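Let's take a walk through this structure together. Have the sequence and the 3D view open, and we'll go one stop at a time.

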Amino acid sequence: MFELHLREIDYLAKEAELHFTISPSLQGLYISLEGFSDSFPAFFKEFVASWASFVPTQAAFDFSIEKLNKQYENEGQQQPYMLSGALRRRLVYSRGSYIYSDYLQALKRTTLDDFKQFLDKWLSAHRFEWLLVGNIGAETAKHIAWDFHRSFGREIKPNSRILRKDETNDLRIVRLEEGTNVYVHNLDLKTEKNSAIFAYYQVGEGSDDRSRALSELLQNFIKDKTFNQLRTNEQLGYIVFGLSYTDLLVNGVGFIIQSTTAHPKYLSERISACTELLISNAEALTDEEFQKYIESVRLTILKKHLNIFQEAGLYWSEVDAHDYAFDRRERKVAALKTLTKEDLIQHLKQVFTEQRRCLEVHSLAKVHQDAYESHEIKPSRNFPVIRSARAFQKLHSTYRNLKAFK
């Protein structure tokens with residue numbers, strides 16, 4: 001609705017090579033403004049004035065509800081591997097992460113009065129985190145923030161303190177137990193010919209530089225080998241990924257496959273076999289081959305930013321994590337130099353065999369349903385099935401929020 005309200009200044013801004021985006025995030029609303037330094041202050045002043053004068057109307061509300069309904073209905077028909085990724089996120093975040101069906105149900109119950117009450121409450125108890133990058137001084141940056149607050153009738157004094165880390169939004173990640181749990185999502189689209197799997201192996205807390213460097217080394221090692229084995233050699237599907245993940249500073253590894261020829265239970269078995277192969281491949285590395293992986297990761301970490309927006313994105317990741325380590329790249333490179341081949345081997349064994357903590361999301365197409373249900377698996381791989389995301393979360397403890405407590 002606010003984007004509709006800002007249509008006029010959006011047009012003027014684009015004429016002056018200025019741009020803004022508004023999008024929801026797990027912790028609130030994300031607003032990005034970018035453009036030339038000489039016209040930025042005037043544009044920001046207009047942006048704030050428009051924000052402060054925003055009054056929702058029934059017509060704008062109805063239009064936005066209709067638009068959002070179409071958007072989330074389309075999300076329900078996106079590719080199965082993308083749905084699997086969204087469902088994994090829905091399961092491992094203790095709150096704040098939702099999928100299309102959650103939003104559709106909420107939209108049915110939401111009225112204009114609900115939105116007005118939410119808006120009043122949000123504006124009366126808001127918390128802002130700011131990042132300004134470019135040709136702008138510290139004092140100017142502070143005054144931009146203060147002026148923004150004043151526009152809503154709230155005086156911000158120059159000595160206002162920064163929130164302590166333990167006062168920030170306490171999002172948490174579910175702590176998986178050893179073993180494997182499976183969540184099955186039956187795809188609604190009858191014409192869908194693809195099924196997909198997201199196999200997520202949780203590593204654990206890892207906010208220090210060495211853990212982060214090891215996570216990037218792991219991704220560099222597994223991504224091509226996973227693709228070559230599962231796609232090129234076994235030809236399980238065109239979409240195959242092996243990636244490392246970090247959720248609120250909790251590290252993990254994910255394998256994604258989308259296939260027209262195989263159902264998720266079979267794909268699960270092939271991923272498990274692939275993890276054993278990855279360990280064998282690591283053990284067979286020569287010192288020279290290992291150092292090539294180290295150098296590849298180093299070059300990736302130190303890759304120059306193409307523009308100021310990429311640089312700002314790197315800084316924002318530190319602000320969002322409340323870590324503020326703006327020399328993170330240099331610190332990771334220093335930590336990378338301390339890693340050995342044995343570190344990689346032990347890490348692979350810990351994640352995939354010794355302390356295996358796995359969550360699998362199976363997005364099941366109707367064409368694969370009979371084969372999926374009749375597929376016999378080994379007793380040791382007879383995983384418990386998750387019936388409800390909320391029930392699953394209640395049965396598990398969570399990691400402390402490393403963003404807040406470090």
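A good place to begin is His185, which is buried, with a relative accessible area of 13%. Keep in mind as you look around that this is a predicted model. His185 sits in strand 3. Setting aside residues within four places in sequence, the contacts of His185 are Leu83, Leu87, Tyr100, His362, Ser363 and Leu364.

Now zoom out to the sheet. It is an open one with six strands, in the order 5-6-4-7-3-8, and the pairing is mixed. Strand 5 (239-247) and strand 8 (385-386) are at the edges with a single partner strand each, so one side of each has no neighbour in the sheet. Take a look, too, at strand 4 (residues 195-205) and strand 6 (residues 250-259): they pair in the antiparallel sense, over 10 bridges. If you'd like one particular spot to find, Gln202 has Gly252 in strand 6 as its bridge partner.

What packs on this sheet? Helix 14 (residues 341-354) does, touching strand 4, strand 6 and strand 7, and its direction makes about 120° with that of strand 4. There's also helix 5 (residues 80-92), which lies across strand 3 (179-186), strand 4, strand 5, strand 6, strand 7 (357-364) and strand 8. Helix 5 runs at about 140° to strand 7.

Next, hop over to Leu278, which you'll find in helix 10 (residues 264-283). Is Leu278 buried or exposed? With 1% relative accessibility, Leu278 counts as buried, because the cut-off for buried is under 20%. Leaving out residues up to four places away in sequence, Leu278 touches Phe221, Ile222, Lys225, Thr226, Phe255, Leu348 and Phe352. You can also try spotting Ile345: its C-alpha atom is 9.1 Å from that of Leu278, though the two residues are 67 residues apart along the chain.

Last stop: the nonpolar cores. The largest has 52 residues, and the ones touching the most other members are Phe2, Leu6, Phe47, Leu91, Ile173, Leu359 and Phe392. Helix 3 (residues 40-52) supplies the largest share of this core, with six residues. Phe2 is a handy one to click on: not counting neighbours within four places in sequence, Phe2 is in contact with Ile22, Phe47, Ser50, Trp51 and Phe54. Apart from the largest core lies another, of 39 residues, and here we meet Leu278 again, along with other members including Ile222, Leu267 and Ala335.

Note on methods: Residues are numbered from 1 along each chain as its sequence is written. This is a predicted model: local features need pLDDT of at least 70, side-chain atom pairs count only at pLDDT 80 or more; totals for chains, interfaces and linings use all residues. Side-chain values use heavy atoms; hydrogens and water are left out. Two strands pair if DSSP finds at least two bridges between them. Helices (H or I, at least four residues) and strands (E, at least two) are DSSP runs, numbered from the N terminus. Contact means heavy atoms within 4.5 Å. Axes are lines fitted to C-alpha atoms, for helices over the stretch in contact, and angles run from 0 to 180 degrees between N-to-C directions. Buried means under 20% relative accessible area, exposed over 50%, partly exposed in between (1.4 Å probe, protein chains only). A nonpolar core is a set of buried Ala, Val, Leu, Ile, Met, Phe, Trp, Tyr and Cys residues joined through side-chain atoms within 4.5 Å.
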